[in-house]
Amino acid sequence: MFYKDERLALFIDGANLYAAGKALGFDIDYKLLRQEFMRRGKLLRAFYYTALLENEEYSPIRPLVDWLHYNGYNMVTKTAKEYTDSMGRRKVKGNMDIELAVDAMELAPRLDHAVLFSGDGDFRPLVESLQRQGVRVSVVSTIRSQPPMIADDLRRQADNFIELDELRDVIGRPPREPRFEREQDTEMSES
């Protein structure tokens, strides 16, 4: 459902795509992802949305954010809010839905096709609005995880649903083992 001459943009809900890939057992290779959609049409923009923890000296997502920024992605970040819930657990809140929706609406007049990488049902009204403006919308997520990572009403609203698991061979790489496990395996094999 892609046409070579159509202008398209990617809107990537970073946390949602990461969770979907993890649920399917693979990591996303963002260089391959961008190349795949450049091949499918005229890629105007590739947006990546994520919240960052402000007060941590090292954020595990910082190297990815920097790499994406230097490799053609428009990074949209904001500071995550930390709080303690009623059970005393530390929680992080960093919703990027509004930023994604505003960017999609602003770019809509120059788009033929928007590709949303999220299964969040909160985006159904955005998809509907883009469609009313003549923009075709593909949603990339998964129904193959337990539970499915896409809201049924979002999947039904989209012009096209792309199963993330079917992109595994094109944009995926095997998940890395945690460093501790690799070191343990190395120690065991040296014994």
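## Exercises on the nonpolar cores

**Exercise 1.** In this predicted model, find which residues touch the most other members of the largest nonpolar core, and which elements build that core.

*Solution.* Start with the members. The largest nonpolar core holds 27 residues, and Leu10, Leu33, Tyr73, Phe117 and Leu164 touch the most other members. Next, trace the elements. At least two core residues come from each of strand S1 (7-13), helix H1 (14-24), helix H2 (30-40), strand S3 (42-52), helix H3 (62-70) and strand S7 (113-117). Then pick out the top contributor. That is S3, which gives four residues.

**Exercise 2.** List the residues that Leu10 touches, leaving out those up to four places away in sequence. Then look for another core.

*Solution.* Apply the contact cut-off: heavy atoms within 4.5 Å. Leu10 then touches Leu33, Phe37, Leu43, Arg45, Ala46, Phe47, Val115 and Phe117. Now turn to the other core. It lies apart from the largest one and has 23 residues, including Phe47, Met96, Leu116 and Leu154.

**Exercise 3.** Locate the cis peptide bond at Pro147 and place Pro147 among the secondary structure elements.

*Solution.* Check omega first. It is about -5° for the bond joining Gln146 and Pro147, which is cis. Then place the proline. Pro147 sits in the loop that runs between strand S8 (136-141) and helix H6 (152-157).

**Exercise 4.** Describe the chain as a whole: its elements, burial, contacts and surface.

*Solution.* Count the elements: eight helices and ten strands. Take burial next, with a cut-off of under 20% relative accessible area. Of 191 residues, 40% are buried. Consider contacts between residues at least 6 apart in sequence: 68% join residues at least 24 apart. Finish with the surface. The accessible area is about 11,300 Å², and carbon and sulfur atoms account for 49% of it.

Notes: Residues numbered from 1 in each chain as written. Predicted model: local features only at pLDDT ≥ 70, side-chain atom pairs only at ≥ 80, totals over all residues. Heavy atoms only, no water. Core = buried A, V, L, I, M, F, W, Y, C linked by side-chain atoms within 4.5 Å. Buried < 20%, exposed > 50% of the residue type's maximum accessible area, 1.4 Å probe, protein only. Areas by Shrake-Rupley, 256 points an atom, 1.4 Å probe, with all protein chains shown as cover.
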